[in-house]
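Subject: Structure handover

Hello,

Here is the structure I said I would pass on. My notes on the ligand and on the empty space inside the protein follow below.

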Amino acid sequence: MLYTPIQFRNVEIRNRWVMSPMCMYSCENGIANDFHFVHYGSRSQGGTGLIMVEATGVEPRGRITNHCMGIWNDEQALALQKIVEFIHKNSESKVGIQLAHAGRKGSTWNNIQIPIEEGWETIAPSSIPYHPTERIPHALTVGEIRNLVQYFKDAARRAVNAGFDVIEIHGAHGYLVHQFLSPLSNIRTDEYGGSFENRARFLLEIVDAVNEELNENTALFVRISGTEYAENGWNVEDSVKLAKILKDHHVDLVDVSSGGNIHGAKIPVYEGYQVPFSSEVRNQAQVKTGTVGLITKVEQAEEILQKGDADLIFIAREILRNPYIAVQGSFEMKEECFFPHQYLRAKISS
Ligand SMILES: Cc1cc2nc3c(=O)[nH]c(=O)nc-3n(C[C@H](O)[C@H](O)[C@H](O)COP(=O)(O)O)c2cc1C
């Protein structure tokens with residue numbers, strides 16, 4: 001199944017390998033540069049079905065660090081367009097971008113909060129910091145929340161114009177959308193807090209606003225944390241419930257990760273440790289899912305798909321080690337995969 005195409009709207013992804021979004025902390029003013037061109041370009045030469053560009057801030061405060069990528073202006077979008085055009089011209093890969101807002105987890109370097117003069121005042125649904133030693137984030141007003149929805153919409157429009165095939169909204173890992181979803185970080189008493197429906201409102205407003213910018217040529221994914229490993233926190237049942245609603249709001253795939261919102265939460269980590277969350281969401285909510293987390297081998301990925309636990313395999317650290325995992329796996333499995341025509345003499349190993 002790894003080398004079977006899959007379609008979302010008019011977007012056909014040639015195989016099930018996805019380069020998971022990974023911040024590279026290597027931009028100035030949020031602008032992609034030569035490093036990113038080579039970094040993403042090389043994964044396309046490796047046959048990756050879908051390349052997901054890293055968490056990209058929809059406004060300056062949406063970045064995790066001063067060196068994170070951004071798409072809040074046209075100069076940033078133009079730099080990304082160059083990467084998209086290279087990939088489309090020189091491979092069969094599709095390209096996505098993860099639209100993100102760090103919320104209370106912004107203004108950091110190496111996971112440590114930086115002084116406000118070097119960074120910025122962080123924002124959140126409620127004035128609860130991620131870690132007790134951090135500055136108290138500004139609790140957003142309803143007007144400010146509406147502005148944020150607009151930032152996501154504007155970012156989506158720029159991404160579509162830059163040629164991206166997939167937009168992913170980052171709703172996981174304790175960043176702003178996740179902060180709204182979780183009853184542990186969102187204790188608002190207005191229409192954006194309290195009940196499940198109220199906590200999901202911010203995400204659903206973003207989804208609807210972004211969808212207004214998309215047509216059939218751009219698919220929409222949402223990354224969530226399947227659980228936050230905390231008592232009374234966001235859990236798998238919530239994820240299933242949310243996934244059903246996302247499907248009704250024309251989200252094409254739920255990319256199921258976990259954790260990130262609760263400092264010090266104990267995460268049992270083992271090979272494919274997040275696959276059960278994807279499986280639950282896929283089978284209970286009847287939506288397409290992606291799975292991620294310690295998937296490093298071709299047979300392991302194939303087995304996940306065969307068992308019906310996910311539709312796409314997102315790989316992060318392994319594809320940093322091996323940009324050619326997709327094409328290499330196709331040799332092992334004797335399946336067809338894109339291979340650069342310039343490299344054809346290497347297709348047969350003798
Ligand atoms: C360097 C690095 C940067 C990351 N940045 C992001 C990101 O921008 N967005 C995101 O959703 N996850 C991010 N992650 C998490 C990965 O996408 C992935 O979910 C996680 O690493 C588990 O997959 P793996 O075991 O294949 O590495 C990052 C991970 C790494 C190692």
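This is a predicted model. The ligand takes up the space of the largest pocket.

The ligand site

Around the ligand there are 15 residues, and Ser20, Cys23, Gln98, Leu294 and Arg317 are the closest. By class, this shell is made up of eight nonpolar, five polar and two charged residues.

Three polar contacts are worth finding on the display. At Cys23, a polar backbone atom is 2.8 Å from a nitrogen atom of the ligand. At Gln98, a polar side-chain atom lies 2.8 Å from a nitrogen atom of the ligand. His170 also has a polar side-chain atom 3.2 Å from a ligand atom, in this case an oxygen. The ligand exposes 600 Å² when taken alone, and the protein buries 82% of that area.

The cavity

Apart from the ligand site, I looked at enclosed space. How many cavities of 30 Å³ or more are there? The count is one, and the largest cavity holds about 50 Å³ of space.

The lining of the largest cavity consists of 14 residues; those nearest its centre are Ala55, Thr56, Gly62, Ile64 and Ala100. Strand 4, which covers residues 50–57, contributes three residues to this lining, the most of any element. Sorted by class, the lining has eight nonpolar residues, five polar and one charged.

Regards

Notes: Residues numbered from 1 in each chain as written. Predicted model: local features only at pLDDT ≥ 70, side-chain atom pairs only at ≥ 80, totals over all residues. Heavy atoms only, no water. 1 Å grid on protein atoms, 1.4 Å probe; cavity = no way out; pocket = protein on both sides within 12 Å on 5 of 7 lines; lining within 4 Å. Points joined across faces, edges and corners; volume = space filled by probe spheres on them. Helix = DSSP H or I, 4+ residues; strand = E, 2+ residues; numbered from the N terminus. Nonpolar A, V, L, I, M, F, W, Y, C, P; charged D, E, K, R; others polar. Near = heavy atom within 4 Å. Polar contact = N/O pair within 3.5 Å; in protein donor to acceptor, adjacent residues only side chain to side chain. Areas by Shrake-Rupley, 256 points an atom, 1.4 Å probe, with all protein chains shown as cover. Sits in = over half its atoms within 2 Å of the grid points.
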